[in-house]
Amino acid sequence: MADERILIVDDDPIVQHLLEQFLRGEGYAPLVAGSAAAALDAIRQQPPDLLLLDIRLPDANGLDLLKEQLLPELGDYRVIVLSGYGTSQDAEAAVMAGAFDYLTKPVALSRLAIAVRNCLRLQYLSAEMEELSGGAVLPVSLRDLVGASAPMQALRDQIKRVAPFDVPVLILGESGTGKELVARAIHALSARRKGPFVPLDCGALPDTLVEAEVFGYARGAFSGATQAKPGKLELAEAGTLLLDEIGNIPLHSQPKLLRVLQTSMVERLGSNQQVSVNVRVLSATNSCLQQRVDEGSFRLDLFHRLNTVTLTVPPLRERKEDIPLLAHYMLMKANRAYQKSIRGLSAEAMATLEAYRWPGNVRELDNAVRSAVILADYLIEPTHLPQQIRAQSGEPVEMPKPAMKPGESLSQLRRRTSGEAERATILKTLEEAGWNKAEAARRLQVDYKTLYLKMKRYQIPPAKPV
Ligand SMILES: Nc1ncnc2c1ncn2[C@@H]1O[C@H](COP(=O)(O)OP(=O)(O)OP(=O)(O)O)[C@@H](O)[C@H]1O
Ligand SMILES: [Mg+2]
């Protein structure tokens, strides 16, 4: 991210100078305008990527300028408002009108850096979203699988490849990663797309019911079976059956399922009639099936049959770069669902989401954004996010125990241990960022050079040690 043109609109030369210096140091290309007229001139010559707009300008009210000229001309995610003492209400009004965020003067530079970065990133992401939803590039069903990270692109590619072949696919991934969405995409891209897609969550049912649901039953097959009922295998005729949490298929029903897969014939419980079925069986699980096989609770032959192709959906924490895009997508969905018009997430709220571990993956993110949309008025702030996300954002860093060394003074101890903590934090962040130093610097909220110097000081190698 470099060379984005940022227009600073402020008549105070000190502010101009400070922001210009800072933004240049961050790798952007800053420009300066001291009045509304000068700003409009600059914009007409070449629209900047981002505008930092002071609310109080000598020749205009920044809020009017924003509403009447800037937003219509520049569009979304282009303006961050600066408000001086006593103008924060105007700044809030500006955000409500469509500014991306606001900063109060004196501007905290670390906060400015985050706001600018998030704003530019959202521009990029919304362009990406538009492309994704344009439909020209991706088929409908892949469009619903949001994510621009390399693992998600690879996954979409694999789905496209495997979908047309009428083979079983095993989908692995933690809970809430989007396994069902992947299954739906496979179905929608297959020749069976006009047929039904039938999901069955085997994990939500007791053993006895799993069998009845999958295979169906004849009248009188067990007490309570007052009427015959077709199983999901029959209901998915000419379509696709997703057996979710496949590990929960009871051991004794597994040979039966295997037989269906081999012969395409199914027998309802309590019946000895065979019905032929034409179904593609997809299965999904968040547990380690191989381990189940090793323990003897899952049959190896069935395992082999189900995993002709295996797709793995990575956990959200391994594709953190998808978080802003997903959050934005969830926000739009929630706005629509609850008829609200939340503008976006503040820089801090986004940073909080990005720092969190997401044990519940995309589903948890979806829930967090939904509840924040309900609680917020115009912008999602950290206070609107669920407590556990705010509390645990970021993995707790193991602090070295501050044991005093012989002869060490208290201040020596303090210097040593805080250094050790810093070193540990840097190492951990590098590890999580896949040793991408620019990314690690971003997460640590220091600039690249600072990180570089600290790594040298703490003798951290420049690349992942082998
Ligand atoms: N890449 C994505 N883009 C958009 N929405 C997603 C994505 N991944 C997951 N979701 C949404 O997150 C929620 C959970 O996804 P899904 O039900 O597919 O997860 P799962 O892996 O099947 O979870 P479980 O193991 O708990 O069954 C759904 O609402 C789904 O629409
Ligand atoms: Mg599921």
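**Exercise 1.** What is the mean pLDDT of the chain, and what percentage of its residues reach 70 or more?

*Solution.* This is a predicted model, in which local features need pLDDT of at least 70, side-chain atom pairs count only at pLDDT 80 or more, and totals for chains, interfaces and linings use all residues. Residues are numbered from 1 along each chain as its sequence is written, while chains are lettered from A and ligands numbered from 1 in the order in which they are written.
Step 1: pLDDT is the predictor's confidence in each residue, from 0 to 100. Step 2: its mean over the chain is 86, and 92% of the residues reach 70 or more.

**Exercise 2.** Find a stretch where pLDDT stays under 50, and state its contacts beyond four places in sequence.

*Solution.* Step 1: two residues are in contact if their C-beta atoms, placed from the backbone, lie within 7 Å. Step 2: residues 394-400 are one such stretch, with 12 contacts of this kind in the model. Step 3: residues 134-139 also stay under 50, with six.

**Exercise 3.** Locate the largest nonpolar core relative to the domains.

*Solution.* Step 1: a nonpolar core is a set of buried Ala, Val, Leu, Ile, Met, Phe, Trp, Tyr and Cys residues joined through C-beta atoms within 7 Å; buried means that 20 or more other C-beta atoms lie within 10 Å of the residue's own. Step 2: the largest core has 70 residues, and Ile80, Val81 and Ala327 have the most contacts inside it. Step 3: domain 1 (5-131) and domain 3 (317-392) both contribute residues, so the core lies between them; domain bounds come from an automatic or database domain assignment.

Conventions:
Buried ≥ 20, exposed ≤ 12 C-beta atoms within 10 Å, placed from the backbone.
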